[in-house]
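Reader: I would like to go through some of the labels attached to this model and hear the reasoning behind each.

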Amino acid sequence: MSALWLLVIILAFALVGFLTGRARALALVGGDRRKLHSLPNYYGFNVAMLALVPALLVLALWVVIQPLVINANVSHHIPEALYQDGGQLNLIMSDVGRVANGLDVLVSQGVMTAKEALSINPAETDLRTMLGDVGVAVGSDVGPEITTAAQELRAQASTGRMLMTIIVLVIAAGGFVAALRMTSGSFRARNMVEYGVRMLLIGAASIAILTTVGIVLSLIFNTINFFGMFPASDFLFGLTWSPEGRGGSEHLGILPLLWGTIYISLVALLVAVPIGLFAAIYLSEYASRTTRAFAKPLLEVLAGIPTIVYGLFALTVVGPMLVGIFGSDGFGWMQGARSVMTAGLVMGIMLIPFVSSLSDDIINAVPQAMRDGSYGLGATQSETVRQVVIPAALPGIVGAILLAASRAIGETMIVVMGAGAAARLDLNPFEAMTTVTAKIVSQLTGDSDFASPEALVAFALGMTLFILTLGLNVLALYIVRKYREQYE
C-alpha cells in the first residue's frame, strides 16, 4: 500500500476515533456532561491524537529512511568493476532507480506481470527499448547487473511497503484501542490533549532548529572535505577563478567572486537606501492616511515579484537601455548588456520595499510625544524629522539597511541574468562580473563528480556566504539592541 493511502486510512482512524471517544465518554456517564472531568470533545481529541500522531510519525520516518536503506543494500550488488568512485556509483544507482520505475510502469500497463518483472532476463529481452516505449530513459545500457539491481530494488521496496503498511496500521489501531480503554468519566482528557499539543509544538520547533543545524553541518563537513583536496590559502587569497583547470591546474580563488558580490550589493544599496528611506519618511510623516493606505501596499508589491522576473527585466530592458547610454553610441564605457550596473540597479529596485517597509515601521515607532515636544519648541515639521525623528529611529534604520545588504548578497537570479559570469577584479561598473551565489549554481549543475574539488568548492563558497550574511544579521541585531532608546 502506498504512503498516500496509508495517510488517508490513519486520518480516517483519527476521525472515527474522535467521534467514538466522544460518544464513549458520554455513554459512560449516562449523557450527563457534569460528571466528566473534561469537555466531551477532549475525549474525542485524545482518541484521535493517539490514533493519528504515533502512526503518522512512523510513516514519515519510514518514507524517509526506507529509500536510503534500500539504496545502500542494492548498491552492494553493483560490481566494483563498473565504477571508479562514488560519483559514478551514484549515476549507476540513478539508472537502477529509473529501470525499477520503468518496470513498475510496464507492470501497471499490463505489458508484463509482477512475477515476470522480477524474473526478466536482460539477455533475452530488449529492456532498454521497452522502457523507452513507456517514456523511461536510462543513461547507459541496461546490462544484467543493472537489471538485477533494479529487480532487487523493486523486491525490497515491495517488502518495505508491506511492512510499512502492517506496522503503521497496527500502531494506529493500538493507539485507537488504548485511548478508548483509558476513557472514563474521571480521566483527565483535557490535560492529556494539552500535553500532546505542547509536545507537537516542541517537535515543530525542534524540526526547524534541527533543519538549520543540519544545513550548517552539511556545509561544514563538505567544506572540510574540499580543504582536504585544495589548499585553503589558495581558496581564501587566490586572485583567479578558473575551475576548468586551464594549464593543468585549478584556480579556485574566491576574492574575484567576493569582490563582484560586494560591488553589485553596494550599487544595489546606493539605489535602494535613498529611495526606500525617503519613501518611508514621506509615508510616515507627510502622506495623508488615504495616500498611505494606497501607496504603502503598492510599494510592497515589489517585494512579491519573483526574482526571475527581475532578472528578465534586467536582461531585456535595463541592460539594453544602459548600453544605449554608455555603450559605443554614447560614452563608449559599456560593451554588453550584462554588467555590475545592470544587476545593481535592478537589485536596488527589488530591495526598495525591504528598506522602506522596515524603516517606515521603525519611524512610526518613535513616540508622538517627541514630535509634539519639538513642535512646542517652535521647530518646523522638516526640522522635527531631521533633528528628532530620524536620530531616534537611526539604529533601527541602520539595522534595516544591513538586513537589506544581506538580502542583496544572497541574490542569485538577477546576478545570473544581469551581471554575467566573468570572475574579475575590476573597478569599472559597466563590466560584466559575477558573484558567489552565481558560481555556486554553476558548480553544482551538470554532471560534476561530487567528490571532486570543482563540485565541493560550491560548499566552501556557500559556507563563506553563510558566514558573511550571518555576520551582517548579527551586526544589525547588535546595533538595534545596543543603540535603541527605550521610550515610555
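Author: The chain exposes about 25900 Å², and carbon and sulfur atoms supply 66% of that area. The model is a predicted one. Its chain has 17 helices and two strands, and 40% of its 488 residues count as buried.

Reader: Why is V168 called buried?

Author: The relative accessible area of V168 is 0%. Buried means under 20%, so V168 qualifies. V168 lies in helix α6, residues 144–182. Leaving out residues up to four places away in sequence, V168 touches L6, I10, A55, V58 and L59. V168 and L57 are 111 residues apart in sequence, with 9.2 Å between their C-alpha atoms.

Reader: Why is S284 called buried, given a relative accessible area of 17%?

Author: The cut-off is under 20%; S284 has 17% and therefore counts as buried. S284 belongs to helix α9. Beyond four places in sequence, S284 is in contact with R292, D360, I363 and N364.

Reader: What makes the approach of the S284 side chain to A280 a polar contact?

Author: The side chain of S284 reaches the backbone oxygen of A280 at 2.8 Å. A polar contact needs a pair of N or O atoms within 3.5 Å, one able to donate a hydrogen and the other to accept it, so the distance of 2.8 Å fits. The backbone oxygen of I281 lies 3.4 Å from a polar atom of the same S284 side chain, and 3.4 Å is also within that cut-off.

Reader: Why is R338 called partly exposed?

Author: R338 has 38% relative accessibility. Buried is under 20% and exposed is over 50%; 38% falls in between, so R338 is partly exposed. R338 sits in the loop between α11 (307–326) and α12 (340–364). The side chain of R338 reaches the backbone oxygen of M417 at 3.4 Å. Neighbours within four places aside, the residues in contact with R338 include L315, V416, M417, G418 and E431. R338 and A314 are 24 residues apart in sequence and 8.3 Å apart from C-alpha to C-alpha.

Reader: What makes the pair F226 and F227 tilted?

Author: The ring centres of F226 and F227 are 5.3 Å apart and the planes are at 55 degrees. Pairing requires centres within 6.5 Å, and the angle is neither under 30 degrees nor over 60, so the pair is tilted. F226, F227, F230 and F235 form one aromatic cluster.

Reader: Are F226 and F227 buried or partly exposed?

Author: F226 has a relative accessible area of 0%, which is under 20%, so F226 is buried. F227 has 30% relative accessibility, between 20% and 50%, and therefore counts as partly exposed.

Reader: Which residues of the largest nonpolar core touch the most other members?

Author: Of its 58 residues, these are F226, F235, M347, L351 and L461. Helices that each supply at least two residues of this core include α7 (189–229), α9 (255–286), α11 and α12. The most comes from α17, with 11 residues. Residues up to four places away aside, F226 touches F235, L252, P453, L456, V457 and A460. A second, separate core has 13 residues, among them I70, V74, M93 and L153.

Reader: How do you know that long sequence separations matter to the contact count?

Author: Among contacts between residues at least 6 apart in sequence, 72% join residues at least 24 apart.

How values were computed. Residues numbered from 1 in each chain as written. Predicted model: local features only at pLDDT ≥ 70, side-chain atom pairs only at ≥ 80, totals over all residues. Heavy atoms only, no water. Helix = DSSP H or I, 4+ residues; strand = E, 2+ residues; numbered from the N terminus. Buried < 20%, exposed > 50% of the residue type's maximum accessible area, 1.4 Å probe, protein only. Contact = heavy atoms within 4.5 Å. Areas by Shrake-Rupley, 256 points an atom, 1.4 Å probe, with all protein chains shown as cover. Core = buried A, V, L, I, M, F, W, Y, C linked by side-chain atoms within 4.5 Å. Phe/Tyr/Trp six-rings, centres within 6.5 Å; stacked < 30°, edge-to-face > 60°.
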